[in-house]
Structures are given as C-alpha cells and as structure tokens.
Amino acid sequence: MAAGPLGGLVAALETHRGRDWAVRALCYGCQLAGAALPGPAGLPGGLLTASAQLSSCRTALRLFDDLAMLQHSYSYGLGPKGEDALVRGLSVLCNVANQLYYPCEHLAWAADVGIIRAGSQKWWTRSTVLWCCTLLLDILRYGRDGHGLQRSCGRSLRILFQLRRKLSQHKGTSPQSQQKLRAQVKTEVLSILRDTADLSNAIHWLPPGFLWAGRFPPWLVGLLGTISSLIGIYQASRRANSEPA
C-alpha cells in the first residue's frame, strides 16, 4: 500500500466504510452548495437533486448492515470484564439502539417505495430518535470501531478526561509516550466534534417542537454534515494508513 496521506485515503476508499464516508461528504457538500447558491433552478436545483439521490443511495446500502451490526453486538456482549462499568453499560445501550435503528429505517424505506402499506413518517421518526440516542451515547462513552457501520462510534468525554489526566501525570515519560497520548486526545476530540455535528442535524430532523427540530436552514444542515463527513474521511484514512499492508 502506498505510504502517506494519499495512500491512506485510497485504502479507505477501497472499503465499504471509507466509501460511505466519501458519498456522505459529497451528499452534504451538494446540499450545502445548492442551498447557498441563489435561485432554485439551474445549478442549485441540480446540486440539491444530486444530494437527495446520494442520500437514497446510502439508505439502500444500509439494507445490508444488520448482520454486521448483529455480529458486533454479539461479539461485544456485555463488554470485557476489565473495562469501566459505566462505559460497558453505555456501550451495550448504544449497540441496542444501533440494532433497532436499522429495521426502523428499512421499514420507512419499504413504505416509501411501496413495498409495504404503511405510513413511512412514523418509522423515519423512530429511526431518527434511535440515531439521536446512539450519537448521544457515543459522545458519553468510549469508542469502538472496526465493524464498518454508518455511525462509527466516537469516544466518550469520560475517556477523554482520563487521557488528559494521564497526559498530565506522564510529563516525565518518553516523548514517544507523550506523542501517543496527544494523538489519542486528538482522536477523541475529533470524534466528539463529529458526533456533535451529527446530533445537531438529527435533532433538526425530529418532529417540530423538540429543541431546534425543523429550524435549521438547508445550508446549515449541509455544513454540519460536511464537517462531520470530512472528519470521518480523515479518521478512516488515518486508520487505513496505520494498518499493515
């Protein structure tokens, strides 16, 4: 595998997870540009149409994520015994919310395309609520990765504080250890920023009346989604670049 950032990006794009981040970034980027440009017709309208089609593409691809999520939930179980009890509890709840998210979204999609006779809006709302729960739990808990699902989980504020405490307690250690701890802190901060941007959009898509639901202009939704997606691409390329060839 080619070394450097480009090699990591290419390796990430060869995976389902990395390619999903790229499609996601393009989807939100088109929404941001289409909403920011003047006029509904012409280029702005075309960009918004492209954004909607890319979003539908990602929804269809998530039809195949249930088994991967189930395998991850089964392998994690109640969590390793040596792990922090609060982290384990939050992780199990996150896995449950993730597992329930997919059937709800599949039913909403099936209702939209006419496969089943049902109102799709209630299922979209349920899937969005579950997404909100997952993101909130992600922010509060530790990270997990490697199962290749849509919401690559971030690490918790709890673990971030623990890392910062370790960093302050290990000032006399080797530069390599200091550098490794700083890299971990950077990873956690980026993950929390990514999940916070997604959570802001998820709340916007809930029924009006809850916090800022329905109040974001389209360009802001596109901006938050683009920021979240670019962070995801960066993290995916860094992971791919660090893996052995």
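Axes here are lines fitted to C-alpha atoms, for helices over the stretch in contact, and the angles between their N-to-C directions run from 0 to 180 degrees. The views below show a predicted model.

**View 1. Overall fold of the protein chain, with nine helices and zero strands.**
Followed along the sequence, the protein chain has the pattern α-α-α-α-α-α-α-α-α. The chain has 245 residues, of which 44% count as buried. Among the contacts in the protein chain with a separation of 6 or more, 63% are accounted for by residues 24 or more positions apart.

**View 2. Helix 2 packed against helix 3.**
Helix 2 and helix 3 (residues 43–61) meet at an angle of about 155°, and their axes lie 8 Å apart. Angles over 145 degrees count as roughly antiparallel, and helix 2 is therefore roughly antiparallel to helix 3. The two helices cross in a left-handed manner. From helix 2, the contact includes His16, Asp20, Val23, Arg24 and Leu26, as well as Cys27, Cys30, Gln31, Ala33, Gly34 and Ala35. Helix 3 contributes Pro44, Leu47, Leu48, Ala50, Ser51, Leu54, Ser55, Arg58 and Leu61. Sorted by class, the residues of this contact are 12 nonpolar, five polar and three charged.

**View 3. Helix 2 and its buried residues.**
Helix 2 (residues 16–36) has 21 residues, which should span 30 Å at 1.5 Å a residue. Its end C-alpha atoms are 30 Å apart, in agreement with that expectation. Buried positions in helix 2 include the charged residues Arg17, Asp20 and Arg24. Also buried in this helix are Gly18, Trp21, Ala25, Cys27, Tyr28, Cys30, Gln31 and Gly34.

**View 4. Helix 4 packed against helix 5.**
The angle between helix 4 (residues 66–76) and helix 5 (residues 85–113) is about 160°, with the axes 10 Å apart. Helix 4 and helix 5 are therefore roughly antiparallel to each other. Helix 4 passes helix 5 in a crossing that is left-handed. On the side of helix 4, the residues in contact are Asp66, Met69, Leu70, His72, Ser73 and Tyr76. On the side of helix 5, they are Val87, Arg88, Ser91, Val92 and Asn95, together with Asn98, Gln99, Tyr102, Pro103 and His106. This contact is made up of seven nonpolar, seven polar and two charged residues.

**View 5. The surroundings of His106 in helix 5.**
Is His106 buried or exposed? Its relative accessibility is 15%, so His106 counts as buried. Leaving out residues up to four places away in sequence, His106 touches Arg62, Leu63 and Asp66. Of these partners, Asp66 belongs to helix 4, and His106 and Asp66 are both listed among the residues at which helix 4 and helix 5 meet.

**View 6. Helix 5, its end and its packing against helix 6.**
Helix 5 has 29 residues and reaches 43 Å from its first C-alpha to its last, close to the 42 Å expected at 1.5 Å a residue. Just after helix 5, Gly114 adopts a positive phi of about 90°. Helix 5 packs with helix 6 (residues 120–140) at an angle of about 155°, with the axes 8 Å apart. These two helices are therefore roughly antiparallel to each other. Their crossing is left-handed. By class, the contact of helix 5 with helix 6 comprises 18 nonpolar, four polar and four charged residues.

**View 7. Leu211 in the loop between helix 8 and helix 9.**
The loop that holds Leu211 lies between helix 8 (175–204) and helix 9 (218–242). Leu211 has a positive phi of about 50° although it is not a glycine. Most residues other than glycine have a negative phi. Leu211 is partly exposed, since its relative accessible area is 47%.

**View 8. Ser237 in helix 9 and its partners from the start of the numbering.**
Ser237 has a relative accessible area of 12% and is therefore buried. Which residues are in contact with Ser237, leaving aside its neighbours within four places in sequence? They are Gly8, Leu9 and Ala12. The C-alpha atoms of Ser237 and Leu13 are separated by 8.2 Å, although the two residues are 224 residues apart along the chain.

Technical notes:
Residues numbered from 1 in each chain as written. Predicted model: local features only at pLDDT ≥ 70, side-chain atom pairs only at ≥ 80, totals over all residues. Heavy atoms only, no water. Helix = DSSP H or I, 4+ residues; strand = E, 2+ residues; numbered from the N terminus. Parallel < 35°, antiparallel > 145°, perpendicular 65-115°, else oblique. Left-handed = near helix turned anticlockwise from the far one by under 90°. Contact = heavy atoms within 4.5 Å. Buried < 20%, exposed > 50% of the residue type's maximum accessible area, 1.4 Å probe, protein only. Expected span 1.5 Å × (residues − 1).
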